[in-house]
Structure formats: C-alpha cells, structure tokens
Amino acid sequence: MRIGILSDIHDNIWALDEALSRLADCDVLLCLGDICSPFTMIAIAEGFAGPVHVVWGNNDGDREHVVHSVSGLGRVTFHVEFGELEFDGRRVAITHWPDLAQALARGGQYALVCHGHNHRLRVDQVESTLLVNPGEVMGRFGEKSVAIYDTTTGSAELLLF
C-alpha cells in the first residue's frame with residue numbers, strides 16, 4: 001500500500017493541484033494540518049479518489065465549515081489534533097505538531113509517525129519508527145513537497161515539485 005502525505009497547504013490550491021497529481025497513485029492520503037479553508041478541503045476531497053485522514057493545524061480556520069464541506073463524501077475522516085491508524089499491519093500516528101511527533105516516535109509504538117507545522121521536509125529513523133515531515137505544499141520557503149510511504153518496504157520517498 002502507498003500512503004500519500006502532505007501538510008501546510010495554507011490555501012495554495014494551485015500548488016495543491018500539483019501535489020495531488022504527484023500522489024494520485026496512492027491508496028490513502030494523510031493531511032497533516034494547515035489546510036485553512038473549506039474550499040481547500042473540497043479541492044483535496046475532489047482531487048484524491050481514496051480515503052483521506054486529516055488532523056488540524058494551527059492555521060485551520062472555521063473547522064466546522066471545513067468538516068461540513070466534505071461530510072457527504074463519506075471518505076474523509078477528521079482526527080482533531082492526533083490520529084492513530086493502521087495500514088497493512090503497520091501502526092501510524094499523525095499530528096501537526098513536531099514535538100508531539102518526536103515523543104510518539106521515541107515511544108516505539110508506531111512504524112510511522114507523520115507531522116507538519118515547521119515546513120521542514122525530512123525523514124528520520126527514530127529507533128524502530130520512521131518519522132516523516134512531508135514539508136509544505138504552500139511553497140513559503142521555496143520548495144514545495146509531499147511524501148509517499150510504502151507499507152511493504154517501510155520506507156518513505158520525498159517528492160519536490
């Protein structure tokens with residue numbers, strides 16, 4: 001299974017289109033916060049065919065309307081600030097917050113822990129856990145990026161665009 005990972009869109013729907021095209025062959029999408037507006041959530045839900053899991057970031061505006069904007073689709077799940085998932089027997093934790101992600105990774109309970117917030121693209125091995133920050137879709141620091149995690153190999157690939 002291939003898991004697409006993105007974060008920190010900040011309503012840049014033009015970059016989001018490119019990000020989603022890079023993740024089109026993924027089975028599941030993890031969105032790690034700072035979506036910002038309902039129209040961006042709609043673009044994610046309409047632009048990705050599979051299940052979407054979302055955690056909130058510090059710049060997400062009217063959360064009630066963001067949730068309502070895609071509630072009829074039945075394949076978008078909101079996990080508030082932290083989410084626990086399992087794919088192909090691998091436990092996965094998602095959050096927007098780097099400090100929480102670091103602590104979760106050090107705990108050793110997850111194969112994969114993902115976070116956003118600081119817009120810094122990186123993959124680190126923390127003992128038995130892979131810690132992934134897909135960077136940013138927004139492009140604030142110049143490089144736009146996403147990540148793909150492969151449950152078969154337990155590895156992550158970073159994609160710049």
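**Exercise 1. Find how many salt bridges the whole structure holds.**

Start with the criterion: a salt bridge needs a side-chain nitrogen of Lys or Arg within 4 Å of a carboxyl oxygen of Asp or Glu. Run that search over the whole structure and five turn up. Keep in mind that this is a predicted model, where local features need pLDDT of at least 70, side-chain atom pairs count only at pLDDT 80 or more, and totals for chains, interfaces and linings use all residues. Residues are numbered from 1 along each chain as its sequence is written, and side-chain values use heavy atoms, with hydrogens and water left out.

**Exercise 2. Work out which parts of the chain D25 and R2 link.**

First, the contact: their side chains form a salt bridge at 3.3 Å, N to O. Next, place them: R2 sits in strand β1 (residues 2-6), while D25 is in the loop between α1 (13-22) and β2 (28-31). Helices (H or I, at least four residues) and strands (E, at least two) are DSSP runs, numbered from the N terminus. So the pair, 23 residues apart, joins distant parts of the chain.

**Exercise 3. Decide where R22 and E18 lie, and whether R22 is buried or exposed.**

The R22 and E18 side chains meet in a salt bridge of 2.8 Å, N to O. Both lie in helix α1, four residues apart, about one turn of the helix. For accessibility, buried means under 20% relative accessible area, exposed over 50%, and partly exposed in between (1.4 Å probe, protein chains only). R22 has 33%, so R22 is partly exposed; E18, with 31%, is partly exposed too.
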